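Let us read a structure together, one feature at a time. Keep the sequence and the model in view.

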There are 2 protein chains.
Amino acid sequence: MKLIEGTLEKILITPEGENISREIPEGEITFEGLVGDCHLGLTTVTHGHQPEYPKGTKIRNDRQFTILSVEELSEVAKTLQIPRVEVSWLTGNLLISGIKNLSVIPFGTRFIFSNGVVLSCSGENNPCSHPARITQSYYPEIEGIARDFVKAAMHRRGIIAWTEHSGTLHPGEQFRIELPHPWNPAWQNEAE
Amino acid sequence: MKLIEGTLEKILITPEGENISREIPEGEITFEGLVGDCHLGLTTVTHGHQPEYPKGTKIRNDRQFTILSVEELSEVAKTLQIPRVEVSWLTGNLLISGIKNLSVIPFGTRFIFSNGVVLSCSGENNPCSHPARITQSYYPEIEGIARDFVKAAMHRRGIIAWTEHSGTLHPGEQFRIELPHPWNPAWQNEAE
């Protein structure tokens, strides 16, 4: 596999009850996630978006982190014709650069940070309308951002991830990614 | 996606220090795994097989369960020209039927059992030589099983998995599988 590397640009937490995330100088990563963030936990409670679970079911927490990229947020801003979209408006936890097509990276891809933290991707972060309203509120003079946000941000909203190995993260830290085994051809047809 | 269903045939635990697994009448599934099995735990310690971790590193436990299939074990036996290979000889935890090509099922596939337990696949179970010796010991009169086992069992050794939703499992229970999103074409080339 090719060596694919990126840089951790920012670390942010969303304290319980707040609606945007705020930058912190270093991230303490435990098996529960990012200390100080409202998604911290080994388990979580379903919100009714998963048809196989009644709302309120306790399941393992695979949404400990939201990871977004500088490149994709810049594309969202360009599509919306606004100067910028801040990672904090999407309550992102890690802003990275250097990885093209981050949002559609395969399930199970591992992010191996130079100081030892390892995170595992548990899927694409699906769009919701909350950051649409937040982004609109920063550009009150421009019409239609709230309306157009979800479409503009489709497949650019980053990924969710959980901790495989704990440690400390710092802005500026490098990481490499490791892709899981590609799908065996025996299963390709079954997904259609 | 097509509906793909199977049956849970057997539940087995390997108590700490033992080298084959034993059948149990019902399985208590927690977020740590299968109660009574030696792989129980939210975290585990690496054995030196993963180059990115020094031996003895504490990481999240994605090997709570080993799942094998009746069909693949039957193929292993056929290849080795022996009457049968028991799931217990491979210290399997769940023996299932009805899923073709189980061992190469995509990372992240979910097994949704009819009584509510959900397990998530964390990869193929790599062959080791331990079950080769065990299987040989059950057929002392047949030469070469220990030698040929790893090759015969390649991509038929089942998968490893972890708990997404806890509950109780019973032999005879039905389940359906849910595949993750297929790889986006943007990432296909990167894996080569």
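Q: By what turn and what shift can chain A be laid on chain B?
A: First, a word on the model. It is predicted, so local features need pLDDT of at least 70 and side-chain atom pairs count only at pLDDT 80 or more, while totals for chains, interfaces and linings use all residues. Residues are numbered from 1 along each chain as its sequence is written, and chains are lettered from A and ligands numbered from 1 in the order in which they are written. Copies are superposed by least squares on the C-alpha atoms of residues with pLDDT of at least 70 in both. Here a turn of 180° and a shift of 0.0 Å along the axis lay chain A on chain B, with an RMSD of 0.0 Å. The two copies are thus related as by a two-fold rotation axis.

Q: How many residues of chain A are in contact with chain B?
A: Two residues are in contact if their C-beta atoms, placed from the backbone, lie within 7 Å. By that rule, 30 residues of chain A are in contact with 30 residues of chain B. S11(A) gives the most to this side of chain A, with three residues. Of the interface residues of chain A, 100% are also interface residues in chain B, so the copies meet through the same surface.

Q: Is strand S7 of chain A mostly covered or mostly open?
A: Strands (E, at least two residues) and helices (H or I, at least four) are DSSP runs, numbered from the N terminus. A residue is buried if 20 or more other C-beta atoms lie within 10 Å of its own, exposed if 12 or fewer, and partly exposed in between; C-beta atoms are placed from the backbone. S7(A), residues 65-69, is mostly covered: five of its five residues are buried.

Q: Which way do the residues of S7(A) point?
A: In a regular strand the side chains alternate between the two faces of the sheet. In S7(A), A:Phe65, A:Ile67 and A:Ser69 point one way. A:Thr66 and A:Leu68 point the other way.

Q: Which strands are joined to S7(A) by bridges?
A: Two strands pair if DSSP finds at least two bridges between them. Three bridges join S7(A) to S11(A), residues 159-165, and the two run antiparallel. There, A:Phe65 has A:Ala161 as its bridge partner. Three bridges also join S7(A) to S8(A), residues 94-97, and these two run parallel. A:Leu68 is partnered with A:Leu95.
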